[in-house]
Amino acid sequence: MTPSSVVETAAPPAQPVPGRKRGWRHVASAWIPVVVCVLVISQESTIYFGADHTSGPLQRFFEFFFGPFTQPEWWRWHIVIRKTGHFLGYGILSISWFRAFWMTLRASAPLSRSRLAIHSFAMFGTLAVATGDEVHQTFLPNRSGSVLDVLLDCSGAAIMQVLIWIWMRKRFSV
């Protein structure tokens, strides 16, 4: 046998054994990002992150790079910046929900079926946090809860879930 006739094959990736318990470190590594995201969102949902408190610092930051804004221009940009933050923040939260459920719930069910359920759980988790956040804001003097913000948050989550679906389909041919 010559060296050129030897075909190297990679070992198949290790798959967890169905029904096998995973350690607390695995569970913690799956769920800590979700907890961190929810804690960040809960802090951003306070009086201190209302538009009246974020406008000044954000305006100084953006004027450093882009020059001065008129007040009407700035208020339009401030709204865009805040709503983009909602969209991206809840998109990131939905990714962390998906990852956590994927790491802890994957089972012997057909992969495409369990994946659809995990995407659904990630969307439901994001909806629950977004709804809770907006309800909480209705009790703050300088904040207001909005169904439109919940829709924006869930839109960010849905876009991220579609991107995960596409990525996984190409990556794993599932």
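**Exercise 1. Find the salt bridge in this predicted model and describe its two partners.**

Solution. A search of the whole structure finds one salt bridge. The model is a predicted one.

Step 1: identify the pair. Asp149 forms the salt bridge with Lys83, and their closest N and O atoms are 2.7 Å apart. The criterion asks for a nitrogen within 4 Å of a carboxyl oxygen.

Step 2: place the partners. Asp149 lies in helix α5 (residues 147-172) and Lys83 in helix α3, so the pair, 66 residues apart, links distant parts of the chain.

Step 3: classify the partners by accessibility. Asp149 has a relative accessible area of 9%, and because buried means under 20%, Asp149 is buried. Lys83, at 32% relative accessibility, counts as partly exposed.

**Exercise 2. State the secondary structure of the chain and the share of its residues that count as buried.**

Solution. Step 1: count the elements. The chain has five helices and zero strands.

Step 2: read them in order. Along the sequence the pattern is α-α-α-α-α.

Step 3: take the buried share. Of the 174 residues of the chain, 28% count as buried.

**Exercise 3. Describe the second largest pocket: its volume, its lining and the helices that contribute.**

Solution. Step 1: give the volume. The second largest pocket holds about 450 Å³ of space.

Step 2: name the residues at its centre. The pocket is lined by 19 residues, of which Glu44, Arg82, Gly85, His86 and Gly89 are the closest to the centre.

Step 3: assign the lining to elements. Two or more lining residues come from each of α1 (24-44), α2, α3 (71-105) and α4 (111-137). Helix α3 gives the most, with seven residues.

Step 4: sort the lining by character. Nine of the lining residues are nonpolar, six are polar and four are charged.

**Exercise 4. Locate the nonpolar surface patch and classify Phe64 within it.**

Solution. Step 1: list the members. Phe61, Phe64, Phe65 and Phe66 form a nonpolar patch on the surface, and together they have about 540 Å² of accessible area.

Step 2: place Phe64. Phe64 belongs to helix α2 (residues 51-66).

Step 3: apply the cut-off. Exposed means over 50% relative accessible area; Phe64 has 68% relative accessibility and therefore counts as exposed.

**Exercise 5. Compare the separation of Ile79 and Ser55 in sequence with their distance in space, and classify Ile79.**

Solution. Step 1: place Ile79. This residue is found in helix α3.

Step 2: give both separations. Ile79 and Ser55 are 24 residues apart in sequence, and their C-alpha atoms are 9.4 Å apart in space.

Step 3: classify Ile79. Its relative accessibility is 49%, so Ile79 counts as partly exposed.

Methods. Residues numbered from 1 in each chain as written. Predicted model: local features only at pLDDT ≥ 70, side-chain atom pairs only at ≥ 80, totals over all residues. Heavy atoms only, no water. Patch = residues over 30% accessible without salt bridge, like charges linked within 9 Å, V, L, I, M, F, W, Y side chains within 5 Å. Areas by Shrake-Rupley, 256 points an atom, 1.4 Å probe, with all protein chains shown as cover. Salt bridge = Lys/Arg side-chain N within 4 Å of Asp/Glu carboxyl O. Helix = DSSP H or I, 4+ residues; strand = E, 2+ residues; numbered from the N terminus. Buried < 20%, exposed > 50% of the residue type's maximum accessible area, 1.4 Å probe, protein only. 1 Å grid on protein atoms, 1.4 Å probe; cavity = no way out; pocket = protein on both sides within 12 Å on 5 of 7 lines; lining within 4 Å. Points joined across faces, edges and corners; volume = space filled by probe spheres on them. Nonpolar A, V, L, I, M, F, W, Y, C, P; charged D, E, K, R; others polar.
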